[in-house]
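User: Please go through this model with me, one question at a time. Start with the terms, then take the contacts between the copies.

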Protein chains: 2
Amino acid sequence: MSAKALHAIRRNSASRIAADGFAPRGLSTTVAVEKLRDMITSGELPPGSRITERAISDRLSLSRTPLREALKILESEELVVLEPHRGALVPLLSEEEVDEAMSVLMALEALAAPLVCSRMTPEQLAEIETLHARMVAHFEAGELLPYFTINQDIHRAIIDASGSHTVSRIYRRESGRIQRYRFAGNRDMARWRRAVYEHELILDALRQRDGELLKALLQAHLRSGWKVSRERLGETLPQAP
Amino acid sequence: MSAKALHAIRRNSASRIAADGFAPRGLSTTVAVEKLRDMITSGELPPGSRITERAISDRLSLSRTPLREALKILESEELVVLEPHRGALVPLLSEEEVDEAMSVLMALEALAAPLVCSRMTPEQLAEIETLHARMVAHFEAGELLPYFTINQDIHRAIIDASGSHTVSRIYRRESGRIQRYRFAGNRDMARWRRAVYEHELILDALRQRDGELLKALLQAHLRSGWKVSRERLGETLPQAP
DNA sequence: GAACCGTTTTTTGCATGCTATTTGGAATGA
DNA sequence: TCATTCCAAATAGCATGCAAAAAACGGTTC
């Protein structure tokens, strides 16, 4: 329909090359989502911080358009809050809000547990065992951060073994949303040791494919982990949003 | 960094004025999300249909930029699927996928029921009673569509009364995602009459603030409603995604 | 010093147009 | 007839620039 003859002779500036000298892999928006998600869940962008589009788009060496798309995605994951005409900020969650999310995670684990026990494949079990071994290794080396990461992976792998895409998706999203706040609990050495032991029990329940036991163990694990984190955060967190 | 001197002397076209002669209320992206969500959940854009950016942006009289942002939001609600470089399409859910979502809704109702009974305010109860009365009126008038809409509102209002923002949010999202597939069940007259009766029971449980009873009733209600819809959809739906 | 108000500066919202990728189809060969 | 290759049209991805809203500033008055 439109004439394509009149081209301004101007190349796009060399913006596809990021600051580190490598062209980004994949689509800009996707890359931006992943980087921002990391920055938020890792705490590099702490709760309460403002995100100005230009600053971040410069930092990720892309234009505002894909960055804005990324922010919209993160908003619907509730990892950022967008205020009209005022921009994005990382939400500061209250203890009650994390509580709520923990309840949902427990409900999802209760829903998933029997499914996992009836539908988990031997490969999935083996995968979980491998992750567990690696996690224990990090525990014994006292490496908190990799321990925590693999810990999350294990819980995700268990939920994934339920075969319910819907449950997996929601679990992932909600657990990512509050991840930052749960981290505090692992700094307690007694709790840490106890958590590893609970993981052993969970693994046993998986091997025996005992759905009821698995459900009980998962919920107790989540509950007691959060209890410790909550105490740790008591000073830092506000009482109401 | 870049020179700002060279301006093409061109006004933005009068595109803020929509086809109906009214300027849109609120932000374009928000408007686009709401309109598209309606178009999808109502079936105006049926599962399987492709959405080309230009066609829809013309139809909603806005540019591709806010439309693309809207699509990203809808994607993370799983109301559309975006294939890289190929655009958006409305996903066709299999029976199993709707099943999964129904399980999640039931789990959320189970989680919410006791909270609702302990935290619901008298105003919230009154609000639900009002909605119920209106719903019954539509039932007696044989008006299926408004009945169905208010039905959804009642379930949302019950969940909202739990006071858990997290549960409300997830319930809303998942129930919207499968809404299109649940509609079929109400075409069965026997089921419809039965459903209204079940709502009476649910209302009683709310009045008595009996959490266990409420939980049981809600779950039975959801289960039997979906059972009928599933039979209706049996012919139309594929077995696997 | 604090509160008010007009002006400048910054930042978001959006339309536009170019580039890159995909696709549909014609032309070619087996 | 069918598969293959190549080209053109269509369409998504993204950078850019302008308009408008919000924030920051500066000066004035109380």
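Analyst: Two residues are in contact if their C-beta atoms, placed from the backbone, lie within 7 Å. This is a predicted model, in which local features need pLDDT of at least 70, side-chain atom pairs count only at pLDDT 80 or more, and totals for chains, interfaces and linings use all residues. Residues are numbered from 1 along each chain as its sequence is written, and chains are lettered from A and ligands numbered from 1 in the order in which they are written.

User: How many residues of chain B are in contact with chain A, and which element gives the most?

Analyst: Helices (H or I, at least four residues) and strands (E, at least two) are DSSP runs, numbered from the N terminus. On chain B, 21 residues are in contact with 21 residues of chain A. Helix H3 (64-76), helix H4 (95-119) and helix H7 (165-182) of chain B each give two or more residues to that side. The most, seven residues, come from H4(B).

User: What turn lays chain B on chain A?

Analyst: The copies are superposed by least squares on the C-alpha atoms of residues with pLDDT of at least 70 in both. The RMSD is 0.0 Å and the shift along the axis is 0.0 Å, with a turn of 180 degrees. That is the relation of a two-fold axis. Since 100% of the interface residues of chain B are also interface residues in chain A, the copies meet through the same surface; the turn is 180 degrees.

User: Which strands stand at the edges of the sheet in chain B?

Analyst: Two strands pair if DSSP finds at least two bridges between them. Three strands of chain B form an open antiparallel sheet in the order E1-E3-E2. Each edge strand has a single partner strand, so one side of each is left without a neighbour in the sheet; these are strand E1 (50-51) and strand E2 (81-83) of chain B.

User: Is Ser61(A) buried or exposed, given its C-beta neighbours?

Analyst: A residue is buried if 20 or more other C-beta atoms lie within 10 Å of its own, exposed if 12 or fewer, and partly exposed in between, with C-beta atoms placed from the backbone. Ser61(A) lies in the loop between helix H2 (53-59) and helix H3 (64-76) of chain A, and its phi is near 45 degrees, a positive value in a residue other than glycine. With 14 C-beta neighbours inside 10 Å, Ser61(A) counts as partly exposed.
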